[in-house]
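Thanks for sharing this one. Here are my notes, point by point, to read alongside the model.

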Amino acid sequence: MKPEHAECLIQNAGINFFGTVVAVITHELKNVLAIINENKGLLEDFAHLARQEERELEPDTALTTAAAISRQVERADIIVKNLNRFAHSPDREVKSVDLGEIVALAAALARRPAAARALTLREAEKPGPVPLATAPFMLLHLLWRGLEFAFQAAAAGSELSWRVSAGPGGGEEQDRERGAGLVVLTWQPADAGAESLPAPFPGGLEEALLAALRGDCRLDPAAGRLELSLHDLSVV
Amino acid sequence: MRILLVDDEEELVSALAERLTLRGLAVDWATSGAAALELARERKYDLALIDMKMPKISGIELKRKLEVINPELEFIFMSGHGSASVFEDGTDETGGASFCLLKPVEIEFLLGKIRTLRQRAGDKEKP
């Protein structure tokens with residue numbers, strides 16, 4: 001693919017990706033608002049009933065309902081923080097990030113599409129910081145595409161886990177110094193006769209993103225494993 | 001009127017079910033399509049109030065399966081979508097459901113829709 005075509009593909013697909021993520025997150029926020037709304041309504045109902053029956057509102061009932069509202073406020077706060085981090089990801093073309101944080105953000109944004117296939121996402125192990133100078137928005141896009149592929153390839157109802165480490169070799173000193181990182185997604189593959197087979201990975205868009213990020217990927221569909229090795233964009 | 005309420009958000013269905021029950025309606029709730037189908041096989045419902053987007057079985061898919069169990073069942077969908085114009089009542093997008101309400105749903109608005117369905121059912125029964 002010619003470089004100008006690759007850039008155009010990344011830009012156009014990037015707008016779609018941005019829209020998709022915002023739609024997913026706002027759907028989730030609408031659910032949170034709906035729960036807050038029903039619990040607020042429930043508190044009003046209890047108060048009206050207590051007034052009608054000329055008795056006091058039971059403190060335990062009020063506290064239980066208020067706790068349900070608090071849980072949703074906390075949930076909304078996390079969702080909005082993630083959305084804000086995502087919205088700022090295109091701010092700078094290349095930026096030094098912690099790869100573990102970026103992958104965790106991608107997984108948090110993809111929680112709802114995962115839930116749609118009854119998949120749970122889990123970080124296999126928490127690494128120390130894995131510094132990487134990269135293009136955060138493009139990296140999030142690549143991770144999203146990788147997760148989407150894994151969601152299609154995974155058996156419904158199973159668990160998908162990710163692991164981040166420093167360096168394609170798993171932490172060799174020279175890779176660590178260079179700040180290169182490795183992301184490994186693993187899942188339980190769906191049966192061969194599964195209804196919807198995923199599109200091949202990497203496709204044209206993923207190849208363009210990998211080239212822009214100076215990354216490589218290795219896919220083992222039978223084992224349910226996708227490795228993305230990412231190189232530091234500050235190193236020429 | 002007996003209502004089957006289905007949404008994968010447990011805190012939403014439990015609170016909404018309690019509010020409808022306080023208003024004299026008989027409500028059972030489920031947090032998955034599979035659980036809703038089980039309930040529908042055990043008991044006859046007049047109305048299913050269903051979230052459009054749920055894991056494993058979508059709202060529209062669930063509607064089709066529930067119709068096989070009970071062809072007289074009425075449907076109202078709830079959606080977290082931002083735009084009402086996308087889901088017009090009774091269109092293909094809503095699988096022909098009578099109404100599609102956007103979350104968060106105002107209880108009085110929902111009760112109004114339920115009254116409309118009750119009225120329609122009553123009209124059908126008249127000779």
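1. A definition to start with: axes are lines fitted to C-alpha atoms, for helices over the stretch in contact, and angles run from 0 to 180 degrees between N-to-C directions. With that in hand, helix α3 (residues 59–69) of chain B lies across β1, β3 (47–51) and β4 (74–79) of chain B, at about 170 degrees to β4(B). Please keep in mind that this is a predicted model.

2. Helix α2 (residues 33–42) of chain B lies across β1 and β2 of chain B, and its angle to β2(B) is about 140 degrees.

3. The sheet beneath these notes is an open one of 5 strands in chain B, ordered β2-β1-β3-β4-β5 with parallel pairing. At its edges are β2 (26–30) and β5 (99–102) of chain B, each pairing on one side only. From one strand to the next, the twist averages 20 degrees.

4. Strand β1 (residues 2–6) of chain B runs parallel to β2(B), and 5 bridges join the two. Leu5(B) is found opposite Trp29(B) of β2(B).

5. Now the interface: 22 residues of chain A are in contact with 19 residues of chain B. About 2,000 Å² is buried between the two chains, with 53% of it on carbon and sulfur atoms. On the chain A side, His27(A), Lys30(A) and Glu38(A) lose the most area to chain B, together 31% of what that side buries.

6. Chains A and B share 5 salt bridges. Asp45(A) forms a salt bridge with Arg19(B), with the closest N and O atoms 3.0 Å apart. Of the elements on the side of chain A that touches chain B, α1(A) gives the most, with 14 residues.

How values were computed:
Residues are numbered from 1 along each chain as its sequence is written. Chains are lettered from A and ligands numbered from 1 in the order in which they are written. This is a predicted model: local features need pLDDT of at least 70, side-chain atom pairs count only at pLDDT 80 or more; totals for chains, interfaces and linings use all residues. Side-chain values use heavy atoms; hydrogens and water are left out. Contact means heavy atoms within 4.5 Å. Buried area is the accessible area (1.4 Å probe) that two parts lose on being put together, summed over both. A salt bridge is a side-chain nitrogen of Lys or Arg within 4 Å of a carboxyl oxygen of Asp or Glu. Helices (H or I, at least four residues) and strands (E, at least two) are DSSP runs, numbered from the N terminus. Two strands pair if DSSP finds at least two bridges between them.
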